[in-house]
Amino acid sequence: ATLRRAGFGNQVYVLEVQGIMLYKRGDYAAAEAALSKGIEAVPSNIPMRIYLAMSLLAQERYVQAELVLNQLYEQVPNSWNVAQMQAQLALQDADIAAAREALQSVRERSGEQESVTVLGMLGALAMIEGDPDNAIGYFEEVLALVPDNELAAEKLVEAQTMRGDFIDRDVTAARGGKVDEAEYSRILLSAAAAMQQGRTEDARAMAENLSRQFPGKSDPLKIIASLQLASGDFESGVRTMESILAIDPYDPSTTRNLAKVYNAMGEQERAASLLTRYLEERPEDSASRALLSGLIVESADAKAATAQLQALLEQDPGNHSVRARLVKLHFEAGELDRVIVLTEQLEPEWIVIQPSLVELRGKAFVKLGQTKMAAGTWEQWLKAAPDSALANYFYGQSLMTQGQTEEAVAANNRAVELDRTYLPARTAQVRMAALAGDLAGARKLMEALEADLGADQPQVK
């Protein structure tokens, strides 16, 4: 009533209907515009916010979609629609655990129709993880609810095939002669299952038969290449992977694997050339760019490698591996100002994924005599990764230089608890006990360290 008196009621209704119709028509950008305008007037309108999230996901605008979904979760934490979209978003980040958690969070509170969808998605996630046993369980639950669900029945057979339930039948069919198109996918899955179970001859027989009968498909060749590499036949493996790329020139996994084998065979230039050509066509592939950065560091002199890594980082600023390697080169060259610039505004997930970034930042501040900045860096690391032995160790060292002995000892002890094999923290324990005047305790710690190492007493600096 208040909205109608303010003149908003009809307008918001029109924007909601218009946005939903535009979404269903596939005009996602226009739907986003209409729905955003409506939400500005009525932020509590849940249907509009749901369709806005769907429109953003359809446009692959994942950052914006995440913001909308977070707001929706606060409004309707038990919505299976929201959970489904959160799972979809998590999959875009290859975060299977987050996707599963989002779906499990509403599973028990869903109605039968929603449960079927959630269970089906959980089964699909299990398949992606290579966990056919759980996938089978989920698909069987779907069929218990809806016995005539054709998709669940189809996926159940697929999961059973992935588990290897039909290897004997499929290897017999493959060896028996011609395989039709309908059997291709099933026998391919059985070949992969046979390979995982160590039945290499059966896997090879099925894959080679499929490759002969379907020469335009690369998946059977991938199984053959894997078997060749596993047996140590690198030359045959290389030839097979090159055949895969002749069919699919930009297959990401084959490109990376072939580059790794080239590098292992001492052909670094060939490996780098392969990745460089691939990245010209697939610049979004961060994993391949990270692999190329490693090859560059191994094969080029420091100055040339630095220039090449800088160029790679400009193409992909969010690539943690490239940034970490570039930072390490600058640190080793004594270019501490560049280290600090390249490690500014580190996101918590960056610190967890590439701890060397924050470690070298802190060490750069220490070398420059900027102890307060170093202390802030170690504290930032500890907040992002409280269970990191290195973070606790460096934080303890920082506290020690500030005279906070008790807190320093606690942080260092925590580092030892997390990783007793981390020698700097163990030797720091001995040193801290000695400095505190506890010579008996220091001796006991040293004896324990010697026993763990099974070697002569290390020098404690």
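This report describes a predicted model of a protein chain, beginning with its confidence and then turning to selected helices, buried residues and aromatic rings.

## Confidence

The mean pLDDT of the protein chain is 87, and 94% of its residues reach 70 or more. Residues 1–9, however, have a pLDDT below 50, and beyond near neighbours in sequence this stretch has 6 contacts in the model. The pLDDT also stays under 50 over residues 456–461, for which the model has 9 contacts beyond four places in sequence.

## Helices α4 and α23

Helix α4 covers residues 46–58, and its 13 residues reach 18 Å from the first C-alpha to the last, close to the 18 Å expected at 1.5 Å a residue. At the start of α4, a side-chain oxygen of Asn-45 comes to within 2.9 Å of the backbone nitrogen of Met-48. Met-48 is itself one of the buried residues of this helix, a list that also includes Arg-49, Ile-50, Tyr-51 and Leu-52. After α4 comes Glu-60, whose phi is positive.

Helix α23, made of residues 355–367, can be checked in a similar way: at 1.5 Å a residue its 13 residues should span 18 Å, and its end C-alpha atoms are indeed 18 Å apart. The buried residues of α23 are Leu-357, Val-358, Glu-359, Leu-360, Arg-361, Gly-362, Ala-364 and Phe-365, and what covers them includes α20, α21, α22, α24 and α25. Just after α23, Gly-369 takes a positive phi of about 75°.

## Positive phi outside glycine

Two residues have a positive phi although they are not glycines, namely Glu-60, at about 60°, and Gln-345, at about 55°. Glu-60 has its place in the loop between α4 and α5, while Gln-345 belongs to the loop between α21 and α22. Glu-60 has a relative accessible area of 56% and is therefore exposed, since the cut-off for that word is over 50%. Gln-345, at 75% relative accessibility, counts as exposed as well.

## Three buried residues in helices

Helix α16, which runs over residues 252–264, holds Leu-258, and Thr-254 has its place in α16 too. Asn-209 lies in helix α13, which is made of residues 200–213. Buried means under 20% relative accessible area, so Leu-258, at 1%, counts as buried. Thr-254 is likewise buried, at 3% relative accessibility, and so is Asn-209, at 7%.

The table lists contacts of these residues, leaving aside neighbours within four places in sequence.

| Residue | Relative accessibility | In contact with |
|---|---|---|
| Leu-258 | 1% | Val-238, Met-241, Glu-242, Leu-245 and Leu-274 |
| Thr-254 | 3% | Lys-222, Met-241, Ile-244 and Leu-245 |
| Asn-209 | 7% | Ala-174, Arg-175, Gly-177 and Val-179 |

Met-241 and Leu-245 appear both among the contacts of Leu-258 and among those of Thr-254. For Leu-258 and Val-238, the separation is 20 residues in sequence and 6.6 Å in space, taken from C-alpha to C-alpha.

## Aromatic rings

A pair of aromatic rings is described by the distance of the centres and the angle of the planes. The count for this model comes to 8 aromatic pairs. One of them joins Trp-378 and Trp-381, which form a tilted pair at 6.1 Å centre to centre, with 40° between the planes. These two residues are separated by about one helical turn, because they stand 3 residues apart in helix α24, which covers residues 371–384. Both Trp-378 and Trp-381 are buried.

The rings of Tyr-393 and Phe-394 have centres 5.1 Å apart and planes at 65°, and because an angle over 60 degrees counts as edge-to-face, this pair is given that name. Tyr-393 is buried, with a relative accessible area of 11%, and Phe-394 is buried with a value of 11%. Together with Tyr-422, the residues Trp-378, Trp-381, Tyr-393 and Phe-394 form one aromatic cluster.

Rings also take part in arrangements with charged side chains. The charged end of Arg-169 sits over the ring of Phe-166, 4.4 Å from its centre, and the charged end of Lys-217 sits over the ring of Tyr-184, 4.9 Å from the centre of that ring.

Key
Residues numbered from 1 in each chain as written. Predicted model: local features only at pLDDT ≥ 70, side-chain atom pairs only at ≥ 80, totals over all residues. Heavy atoms only, no water. Helix = DSSP H or I, 4+ residues; strand = E, 2+ residues; numbered from the N terminus. Expected span 1.5 Å × (residues − 1). Buried < 20%, exposed > 50% of the residue type's maximum accessible area, 1.4 Å probe, protein only. Polar contact = N/O pair within 3.5 Å; in protein donor to acceptor, adjacent residues only side chain to side chain. pLDDT = per-residue confidence, 0-100. Contact = heavy atoms within 4.5 Å. Phe/Tyr/Trp six-rings, centres within 6.5 Å; stacked < 30°, edge-to-face > 60°. Lys NZ or Arg CZ within 6 Å of the ring centre and 35° of its normal.
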